[in-house]
Amino acid sequence: MKILYLAADHAGWELKEALKPALQKAGVTVRDLSPTFVAGDDYPAIGAELAKKVARSKISKGLLVCGSGVGMAIAANRVKGARAVEGMTPRQVALAREHNDVNILTVSGWNQSAQEARALIKTFLDTKASAAARHKRRVKQLG
């Protein structure tokens, strides 16, 4: 991974800000697409903007933070080439990376602590997509 695009809406902004320094300290190149807090912003536009950047690059990934994590995942998954998952557990995120080659992780600003989110992000960044033909075939079918 070359760049981790990062973005949040108003409900996820505080968690995003808590996560950013840890990512940078770990040597991750972060491009923050929502550097300032905007009250009442719209998660679909934020999710789509990040997803478009990730979908255009085979060497970048994305991290989206909103209230539940769900809306951003839905918004991102509408972009061709984006494969987003709402991160719930490290095992679920690892399987999503291995089997589905997800390139965007969403986390919840309402329901996850920074520590919980960091564990999901670490798994997301450290887990490689499976090289198995069946997984590659299925990911191709996703578009």
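Two strands are said to pair if DSSP finds at least two bridges between them, and strands (E, at least two residues) and helices (H or I, at least four) are DSSP runs numbered from the N terminus. The model is predicted: local features need pLDDT of at least 70 and side-chain atom pairs count only at pLDDT 80 or more, whereas totals for chains, interfaces and linings use all residues. Residues are numbered from 1 along each chain as its sequence is written, and side-chain values use heavy atoms, with hydrogens and water left out.

Select strand E4 (residues 84–86) together with E5: the two pair in the parallel sense over three bridges. Val85 stands opposite Leu105 of E5. Add E3, which pairs with E5 in the parallel sense over five bridges; here Gly62 has Ile104 as its bridge partner.

Next, colour E5 by burial (buried: under 20% relative accessible area; exposed: over 50%; partly exposed in between; 1.4 Å probe, protein chains only). Five of its five residues are buried. Ile104, Thr106 and Ser108 point one way, Leu105 and Val107 the other.

Now centre on Leu105. Beyond its neighbours within four places in sequence, Leu105 is in contact (heavy atoms within 4.5 Å) with Gly62, Leu63, Leu64, Val85, Gly87, Val93, Leu120, Ile121 and Phe124.

Finally, show the largest nonpolar core (buried Ala, Val, Leu, Ile, Met, Phe, Trp, Tyr and Cys residues joined through side-chain atoms within 4.5 Å). This core has 20 residues, and Leu23, Leu63, Leu105 and Val107 have the most contacts inside it. Helix H5 (114–126) is among the elements giving two or more residues to this core, and H5 gives the most, with four.
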